[in-house]
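Here are my notes after a pass through the model you sent over. Have it open alongside as you read.

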Amino acid sequence: LMHVLCINDSSGQTQKWWFNFLSSLPADIKDIPKELKKWGATIPYNKNGYSDTIMFDREEDLSWFLLKWA
């Protein structure tokens, strides 16, 4: 069972925690999927590019991620 976190809210606005997470990354780190893997998370990718959802293996990891970056 995967736990889903949407990067954009219902009106299409990007969530503040996503900007906080991205701005916390060092300038030389561009591998966002690798950084998310540390949280037990992935961003689905297909022929249209990355989706706007983050999939967490564990609900606990999703909760800690939000608490840290909210």
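Is R58 buried, partly exposed or exposed? R58 counts as partly exposed, at 43% relative accessibility. Keep in mind throughout that this is a predicted model.

1. R58 and its partners. I'd start here, since R58, E60 and D61 are linked in a network of salt bridges. On one side, the side chain of R58 meets that of E60, at 3.3 Å from N to O. On the other, D61 forms a salt bridge with R58, and the closest N and O atoms of that pair are 3.1 Å apart.

2. How open that network is. The three residues don't sit in one accessibility class. E60 is partly exposed, with a relative accessible area of 45%, and R58 is likewise partly exposed at 43%. D61, however, counts as buried because its relative accessibility is 16%, which is under the 20% cut-off.

3. The other salt bridge. The count for the model comes to 3, and one of them lies between the side chains of K38 and E35, at 3.1 Å from N to O. What are the accessibilities of this pair? K38 is exposed, at 61% relative accessible area, whereas E35 is buried, at 10%. So this bridge joins a buried residue to an exposed one.

4. The sheet. Next, the strands. There is an open sheet of 3 strands in the order 1-5-2, and the pairing is antiparallel. Strand 1 and strand 2 (41–42) are the edge strands, each pairing on one side only. Strand 1 and strand 5 (residues 53–56) run antiparallel to each other and pair over 4 bridges. Within that pairing, V4 stands opposite M55 in strand 5.

5. Helix 3 against the sheet. Helix 3 (residues 59–69) packs on the sheet, where the helix touches strand 1 and strand 5. The direction of helix 3 makes about 25° with that of strand 1.

6. H3. Worth a look in the viewer: H3 is found in strand 1 (residues 3–6). Which residues does H3 contact, leaving aside its neighbours within four places in sequence? They are I54, M55, F56, D57, R58, E59 and L62. The side chain of H3 also reaches the backbone nitrogen of E59, at 3.4 Å. That brings us back to the salt-bridge network, as R58 is among the contacts of H3 and is also linked with E60 and D61.

Methods:
Residues are numbered from 1 along each chain as its sequence is written. This is a predicted model: local features need pLDDT of at least 70, side-chain atom pairs count only at pLDDT 80 or more; totals for chains, interfaces and linings use all residues. Side-chain values use heavy atoms; hydrogens and water are left out. Helices (H or I, at least four residues) and strands (E, at least two) are DSSP runs, numbered from the N terminus. A polar contact is a pair of N or O atoms within 3.5 Å; within protein, one must be able to donate a hydrogen and the other to accept it, and residues adjacent in sequence count only if both atoms are side-chain atoms. Contact means heavy atoms within 4.5 Å. A salt bridge is a side-chain nitrogen of Lys or Arg within 4 Å of a carboxyl oxygen of Asp or Glu. Buried means under 20% relative accessible area, exposed over 50%, partly exposed in between (1.4 Å probe, protein chains only). Two strands pair if DSSP finds at least two bridges between them. Axes are lines fitted to C-alpha atoms, for helices over the stretch in contact, and angles run from 0 to 180 degrees between N-to-C directions.
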